[in-house]
Amino acid sequence: FAAQRHVLTYMEDAVSQLLENREDISQYGIARFFTEYFNSVRQGTHILFREFSFVQATPHNRASFLRTFWRCFRTVGKNGGKYSSICCYLLTAQEYHCLLQLLCPDFPMELTQKAARIVLMDDAMDCLMSFSDFLFAFQIQFYYSEFLESVAAIYQDLLAGKNPNTVIVPTSSSGQHRQRQPPNDCSPLDGVEASLFYQCLESLCDRSKYSCPPSALVKEMLSSAQRLTFYGFLMALAKDQGINRALGALPDKGDLFVDPAMDHELEKLVAQVSGLSVSGPTSSSGDAANLPVRNSPRMNCLWKPLHHRRKMDAESEGSNEETDSSEN
């Protein structure tokens, strides 16, 4: 159970953060720190502003990142303020990458480009994409990255006419895979035979130690196809709602722009901000004594990502230097 849930990964990360921030943590106790840390893991907020190596370390981290990205930026897909499958805003791969970096500063551009290629296929990479198209393609590319690396190898070997039993499946992490050119979909045979391709995928799923889509759903998806291309297969994965439900990170496409819990939190935040605004003329002396005072509630977070802490410390040091220079 511990290995399946990657408990050791989270224990090591918690201890690492405990040691690096022991002076701050000593103010409220180690037990409370671990409670806060594992509550954030359970809620899926533990990946915010963390380094990419941690974000992609476990399936739970990847699903949490996908869910957070959707909840933070789903308004990109709204049309005139109404929930709709017709998107108002279309962005390029570079612009979606900037959004990803707001949550994970060192998120690699390569993954964003691969997700965009699923949507755009042979089109130019600077073409515009809707939020829903990019999101579901990104989900497949990010969550199943090692699986797709192996699928690309299988597809290339099948195109070359090699025996599927001799296909070598990469077993290292995606960052250590040997570089491989994108599969060429313009073959004379227009892809590979779907049934043979599925047999190889079924064998891959049986022996792979990485996350794979359910083989039964893949079989159902390919049952009506005689031949298929690599990017045609990826697009089919991205559009399959059964695979989306099995992964469990995102809602169905029809509910993509509906999130009552987040809407409620946003409404409360807007109400708080509106309550702080003051209308009416101020006195000529600029005295603010007559202004109404409102104590806005604060949410104290005992545990913060290390990246966020370092950033705050750096900004604080820069502010002190400017103050000192102005005084001199």
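Is Gln113 buried, partly exposed or exposed? In this predicted model, Gln113 has a relative accessibility of 32% and counts as partly exposed. The cut-offs explain the label, because buried requires under 20% and exposed requires over 50%. Gln113 sits in helix 7, which spans residues 109-120. His97 lies 16 residues away from Gln113 along the chain, and the C-alpha atoms of the two are 8.6 Å apart.

The overall fold is considered next. The protein contains 15 helices and four strands. Of its 328 residues, 38% are buried. The accessible surface amounts to about 19,000 Å². Carbon and sulfur atoms account for 51% of that surface. Contacts between residues at least 6 apart in sequence were also examined. Of these, 71% link residues at least 24 apart.

Two helix pairs illustrate the packing. The first joins helix 5 (residues 59-73) to helix 8 (residues 131-143). Their axes come within 10 Å and cross at roughly 170°. Angles over 145 degrees count as roughly antiparallel, and helix 5 and helix 8 are therefore roughly antiparallel to each other. Helix 5 contributes Pro59, Arg62, Ala63, Phe65, Leu66, Phe69, Trp70 and Phe73 to the contact. Helix 8 answers with Phe131, Phe134, Leu135, Phe138, Gln139, Phe142 and Tyr143. By class, the residues of this contact are 13 nonpolar, one polar and one charged. Gln is classed as polar and Arg as charged, so the polar residue is Gln139 and the charged residue is Arg62.

The second pair consists of helix 10 (residues 194-207) and helix 11 (residues 215-222). These helices pack at an angle of about 175°, and their axes are 10 Å apart. Helix 10 is thus roughly antiparallel to helix 11. On the helix 10 side, the contact uses Ala194, Phe197, Tyr198 and Leu201. On the helix 11 side, Ser215, Val218, Lys219 and Leu222 take part. Six of the residues in this contact are nonpolar, one is polar and one is charged.

Phe233 touches residues from both of these helices. Phe233 itself belongs to helix 12 (residues 230-239). Its relative accessibility is 0%, and Phe233 therefore counts as buried. Beyond its neighbours within four places in sequence, Phe233 is in contact with Val151, Phe197, Leu201, Val218, Met221, Leu222 and Leu228. Among them, Phe197 and Leu201 also belong to the helix 10 side of the contact with helix 11. Val218 and Leu222 belong to the helix 11 side. Ile118 is 115 residues from Phe233 along the chain, yet the C-alpha atoms of the two are separated by 9.2 Å.

Aromatic residues were then examined. A pair of aromatic rings is described by the distance of the centres and the angle of the planes. With centres within 6.5 Å as the criterion, the model holds 23 aromatic pairs. Tyr37 and Phe38 form an edge-to-face pair, at 5.1 Å centre to centre and 85° between the planes. Tyr37 is buried, with a relative accessible area of 0%. Phe38 is partly exposed, at 28% relative accessibility. Phe138 and Phe142 form a stacked pair, with 5.4 Å between centres and 5° between the planes. These two residues are four apart in helix 8, so about one helical turn separates them. Phe138 is buried at 0% relative accessible area, and Phe142 is buried at 2%.

Phe138 and Phe142 also belong to an aromatic cluster. Its other members are Phe52, Phe65, Phe69, Phe73, Tyr96, Phe107, Phe131, Phe134 and Phe257. Several of these rings come from the contact of helix 5 with helix 8, including Phe65, Phe69 and Phe73 of helix 5 and Phe131 and Phe134 of helix 8.

Two loop residues complete the description. Phe49 lies in the loop between helix 3 (30-43) and helix 4 (52-55). Most residues other than glycine have a negative phi. Phe49 has a positive phi, near 65°. At 30% relative accessibility, Phe49 is partly exposed. Thr92 occupies the loop between strand 1 (90-91) and helix 6 (93-103). Thr92 is buried, with a relative accessible area of 18%. Residues up to four places away in sequence aside, Thr92 touches Asp126, Cys127, Leu128 and Met129.

How values were computed:
Residues numbered from 1 in each chain as written. Predicted model: local features only at pLDDT ≥ 70, side-chain atom pairs only at ≥ 80, totals over all residues. Heavy atoms only, no water. Axes fitted to C-alpha atoms, helices over the stretch in contact; angles between N-to-C directions. Parallel < 35°, antiparallel > 145°, perpendicular 65-115°, else oblique. Contact = heavy atoms within 4.5 Å. Buried < 20%, exposed > 50% of the residue type's maximum accessible area, 1.4 Å probe, protein only. Areas by Shrake-Rupley, 256 points an atom, 1.4 Å probe, with all protein chains shown as cover. Phe/Tyr/Trp six-rings, centres within 6.5 Å; stacked < 30°, edge-to-face > 60°.
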